[in-house]
Amino acid sequence: MTSAEHITQHSERGLAKWLALTLNLIAGSALMLIMVITCVDVIGRYLFNKPLVGGVELIEVLLGLMIFMALPVISWRNEHVVVDILDPFVSPRLNLIRTMLFNLVTAIALVVIGQRIWDLGARASSHGEVTEYLHLPVGMIVSFFGVMCWFTALVLITLGIYRALVQYRLSLDSATKPSVE
C-alpha cells in the first residue's frame, strides 16, 4: 500500500467517506448525463434533423456541476496533477512546508474566486436571469459554484493540511525504520 493510499484510507472514515462518495456520485452522474445528452443531440440532429432543445444549456450546467463537485474530493485526496521530479531530493520537512503553503495559497485563491462567483450569481439573481431555452435560474447555479469553491478551500485548509502532516509522519517513520535485506 502506498503512502497516498494509506492516507486516503486513514482520513476517509464515517462522514468524510460518505461525503466523498456522494460528491463523486454526483460528479460521475453529471458526466454520464453529458454523454447521454450529447449522443441524443447528435442522433437527433443528424438522423431526424431535430436537435435536443436545451441540450447545450444542460451540458454547460452539468459540466460546471461535475467540476465543482469533484474539486473538493480531488483537493482532499491531493490528486492534483503535479510534477514531482525533485521530490526525491527534497527533505520531508521542506516537502511538508511546501505542501502546507500550497494548500494555504490555493485555499485563499479559492475563497477569492468563490466570492467573485458568488457576486456574479447574486447579480444574475437580482436581474432575474434565466437560461434561454430551459429557463433555469442562472443566479442559483452560479452561486452554488461559488459555495463549492468555499467548501473546497475549507477542505484544503483542514484535510489538506492533515494529509500533509500524516504524510510527513509516514516519511519520517520510513526514514528511521532500519532496512531489512
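Two exercises with worked solutions follow, on a predicted model.

Local features need pLDDT of at least 70 and side-chain atom pairs pLDDT 80 or more, while totals for chains, interfaces and linings use all residues. Residues are numbered from 1 along each chain as its sequence is written, and side-chain values use heavy atoms, leaving out hydrogens and water.

**Exercise 1.** State how many helices and strands the chain has, and what share of its residues is buried.

Solution.
1. Take helices (H or I, at least four residues) and strands (E, at least two) as DSSP runs, numbered from the N terminus.
2. The chain then has five helices and zero strands, in the order α-α-α-α-α from the N terminus.
3. Call a residue buried under 20% relative accessible area, exposed over 50% and partly exposed in between (1.4 Å probe, protein chains only).
4. Of the 181 residues, 29% are buried.

**Exercise 2.** Find which residues form the salt bridge, and describe where they lie and whether each is buried or partly exposed.

Solution.
1. Search for a side-chain nitrogen of Lys or Arg within 4 Å of a carboxyl oxygen of Asp or Glu.
2. Over the whole structure, this search returns one salt bridge.
3. The partners are Asp41 and Arg45, whose closest N and O atoms are 2.9 Å apart.
4. Both residues belong to helix H2 (residues 15-47); because they are four residues apart there, about one helical turn separates them.
5. Asp41, with 12% relative accessibility, is buried, whereas Arg45, with 37%, is partly exposed.
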